[in-house]
Amino acid sequence: MSGTFVGMPSFPRAAKEAVHNKTLRGNLRHATHTIRDKRAKAVAELADWAELREAGKQIKDHTLRHLDRYLLQLEDRVAAAGGTVHWAADADEANRIVTDLVRATGETEVVKVKSMATQEIGLNEALEAEGIAAYETDLAELIVQLGDDRPSHILVPAIHRNRGEIRDIFRTKMGDWGRAAPKGLSDTPADLAEAARLHLREKFLRAKVGISGANFMVAETGTLVVFESEGNGRMCLTLPETLISVVGIEKVVPTWRDLEVFLQTLPRSSTAERMNPYTSTWTGTADGDGPRTFHLVLLDNGRTDTLADEVGRQALRCIRCSACLNVCPVYERAGGHAYGSVYPGPIGAILSPQLRGIQSEIDASLPYASSLCGACYEVCPVAIDIPEVLVHLRERVADQGGKGHRLEKAAMKAAGWVLDHPGVLGAGERVASKTRKLHPSKLPGAGAWTRSRELPEMPAEPFRDWWKKNRGESGTTPNTEGKKP
Amino acid sequence: MSTSPAAGPGPGPDSASGAAPGSASGSGSGSRERILAKVRAAVADAPDAPEVTRGYLDTHTPDAGMVDLLAENLADYRAVVHRTDSAGLTELLMRLLAEHGSRTVLVPPGLPPSWLAAADPTRIHDREASTAAELDEVDSVVTGCAVAIAETGTIVLDGSPDQGRRRISLIPDHHICVVRAPEQVVASVPRALPRLDPTRPLTWISGPSATSDIELDRVEGVHGPRTLEVVLVED
Amino acid sequence: MRVALFVTCVNDAVYPSTGIATVRLLERLGVEVDFPEAQTCCGQPQYNTGYRAETEPLVRRTAAAFEGYEYVVTPSGSCAAMVRQHYPKIGDASAASLATRTYELTEFLVDVLGVTDVGAYFPHTVTYHPSCHGLRLLGLGDRPRRLLEAVEGLELRELPGADECCGFGGTFAVKNSDVSTAMGQDKVSNAVSTGADVLCGADNSCLMHIGGVLRREEAPLRALHLADILASTREEPLV
């Protein structure tokens, strides 16, 4: 499967292709605009949205500040409830732990609930390498898996596909993985959902091992929580004998009561519903109900590095609702694949470079994949100031230097010097104005601008000259070098 | 590394030690200690993050309109809502099962026997030994619930004797859930949590299973029961 | 009342007409305008591109240039937002103080002067694009709209998708020119769909981008700053 992001080109190059793909642009536009309006309505139903948002932010900040304490409490409660807790410093270690656990069961296939953490660590590929087949059971994940594709959205990984494309994937690929698509399958969403139901049912019914992530983990009770819609989550969480949950360490919240905030903000931000169809909570194992064996793998994989950054750590508040993707004008046009990570969109642009570091070309380009319009911050249910973190990460990229940034820094320094000398600035402006007739319509080096846009016409004189001539001599005293008026 | 469930009680929330609970397996990679050490170093100089200010509302709904709102919100997400009283419940359940054409119905161990006294389908009991494939042959399931939430149109099952194991309300394609109103109904999510026991496995259900995975259009009916009927019993 | 005009570097060098319009408008409303010539650039391009060290001298310079003025007025939501949002954390007390004294033009007109009818005349159909920083960072709300609605002869048309970014975003416009252009083209198609003659905005940097797309695509409307429209009168109409 091509579900890897290694060696991705930088964002602008990857986005260029997407921007010119008419089908993709249409699919993304339709989907994001649909959900945008619905979310706004769902949020408007709650008069105390601002307070819920603030409480969500504070719960997460408080947890992160005392993360060691809450992780230990969680570990203790999960163990007391019959679960086993594992700690994984990175993707390799997490994959090794899970692979060993599956192998110990003697099984060669597992069913999976959609989980960002397992995508982040490339668990399916790691299992495959060990001869274990991992079946994705979320409808969109199934579409991605059957289509040998990559996810392009946090909530709806197949958002880049329209119904016709999905029907074609089901028709040609389902048979390779199990029960084939029904004959004469139409492209109505209801028929496509029915095809997925039939295809996956046999897998659910025989599954012995389930793998999940979790949206939240409650420290005081050891409870894990999974929000979902289709019932595939319930199937994976309750039918197998063994359940393995891989969860990022930042997913812990202190108290059971804290869920009252996120049970209100997550569904409305995510699927724009008052409540998603199914939410499952479980604490260790339960007698005679559900898996007899439960393993929790706590994943770091760059999270502690992110936590150490005083501006960037707020990204760890993220509850993966994807509201920021749905309102982002850049995401809408570039699509999810351009972000070169399982975390696309605005949150991906601040999360990936922090989890993975800024050394690669794609990660160094992600902080610039935004016009800083602020729509993401506005809708974030835990108030992550994404533009603030983007600018902060740009500083880190610029400091690192490297391709393009050394020249840029020199230019910034030169411009800074001119801008610190108003006399020189005025002279420069005058030269630009005087020579305006001579400017070629396409300035060399300005290609990135002029390929698609005209340059403005230079005025006859800068404002400061007009001022000198028309107002400078009269009543007011120009405050030339910052003296008090 | 792993900490086994057999290990003794570990440090509580206020422990600063970070020693493995009961020094469990101990043969691990040391990642646990490394991660905890990195966490502590990362936030050592961070500003204090005080306890949470809960400025949000406890409810958005007056108690008087609660049951009507529950019915409205359940229906909005395509659950079929019926309202009756205790006297009418037995007959209503008989009728709903007959209308669905059910020949078999799953019955949790503690379901009040009177509920299905008039129903025709063969009762299948909720047993640990049943296989998922066997349950897949059953047409319907009837359960009670732990609590219902008006503002979100949600019913919550907690595995009590009148609800049974989680899988019985999942595998059959038709789920009838009986809610005693207003006793089991709360207005809001903040009012539901204190009534639920987190040590029990909980299933929060808001309408039949659905997906928005195709063009972000909502379609009802995927893996969970495609028909959810909720009976509000008011006396 | 006396105010300092913070014209912004883009208006100074490229759009002096907007600076002049702002001066004429304010003077018409009885405000005495100063132009402290020590001002250059607020430092936003440097700051938003990740050059904080290069931003700091500009913050100091700007803060010094406007010291002592009770009101500093600027015809740019973006530059006003830079000062208001970021100066307190980048600069010293003087920079923090400037943040409290800086007003975007429509804020100054509506909140400080308390006017919405500025006596302007502009007999054209206009659609308004609220730039992101004015919209989200300053919360300008309906101020620009109220000012436009009071202009004699002006017919205001609703811009579809008005609150979506036009795609300028400073250096974003060149670093990610394909996405930036796609956003600009969508903004232009929305503007064209209104049938308006003029696309009005309150930030010339955004208008430089939108206008550049408009002209390249030979779209049947032009981009104009709100100040240019508000300065237009029956006696001295902007054509």
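Helices, of at least four residues, and strands, of at least two, are DSSP runs numbered from the N terminus. The model is predicted.

**Exercise 1. Describe the two segments of chain C that UniProt lists under "domain: Cysteine-rich".**

Step 1. The UniProt entry, which is unreviewed, gives residues 3-83 and 126-210 of chain C for this feature.
Step 2. In residues 3-83 of chain C, helix accounts for 56% and strand for 11%. The end C-alpha atoms of that stretch are 16 Å apart.
Step 3. For residues 126-210 of chain C the figures are 49% helix and 12% strand, with 15 Å between the end C-alpha atoms.

**Exercise 2. Work out which pairs of chains touch, and which pair has the most contacts.**

Step 1. There are 2 pairs of chains that touch, and the pair with the most contacts is A and B.
Step 2. Chain B and chain C share no contact; their closest C-alpha atoms are 16 Å apart.
Step 3. Chains A and C do meet, with 57 residues of chain A and 59 residues of chain C taking part. The chain C side of this contact is made up of 28 nonpolar, 17 polar and 14 charged residues.

**Exercise 3. Set out the helices, strands and burial of chains A and B.**

Step 1. Chain A contains 23 helices and 10 strands, whereas chain B contains 5 helices and 13 strands.
Step 2. Of the 485 residues in chain A, 61% are buried; of the 235 in chain B, 49% are.
Step 3. Take the contacts between residues at least 6 apart in sequence. In chain A, 75% of them join residues at least 24 apart; in chain B, 67% do.
Step 4. Along its principal axes, chain A has C-alpha atoms filling a box of roughly 90 × 55 × 45 Å.

**Exercise 4. Check the length of helix α19 of chain A against its expected span, then find what covers its buried residues.**

Step 1. Helix α19 of chain A has 15 residues, 386-400, and at 1.5 Å a residue it should span 21 Å.
Step 2. The end C-alpha atoms of α19 are 21 Å apart, so the model agrees with the expected span.
Step 3. The buried residues of α19(A) are A:I386, A:P387, A:V389, A:L390, A:V391, A:H392, A:L393, A:R394, A:V397 and A:A398.
Step 4. Their cover includes α14 (323-327), α16 (345-356), α17 (361-365), α18 (375-379) and α20 (405-419) of chain A. It also includes α3 (44-49) of chain C.
Step 5. After α19(A) comes A:G401, with a positive phi near 75°.

Notes: Residues numbered from 1 in each chain as written. Chains lettered and ligands numbered in written order. Predicted model: local features only at pLDDT ≥ 70, side-chain atom pairs only at ≥ 80, totals over all residues. Contact = placed C-beta atoms within 7 Å. Nonpolar A, V, L, I, M, F, W, Y, C, P; charged D, E, K, R; others polar. UniProt positions renumbered as here; feature names shortened; annotations may be inferred. Buried ≥ 20, exposed ≤ 12 C-beta atoms within 10 Å, placed from the backbone. Expected span 1.5 Å × (residues − 1).
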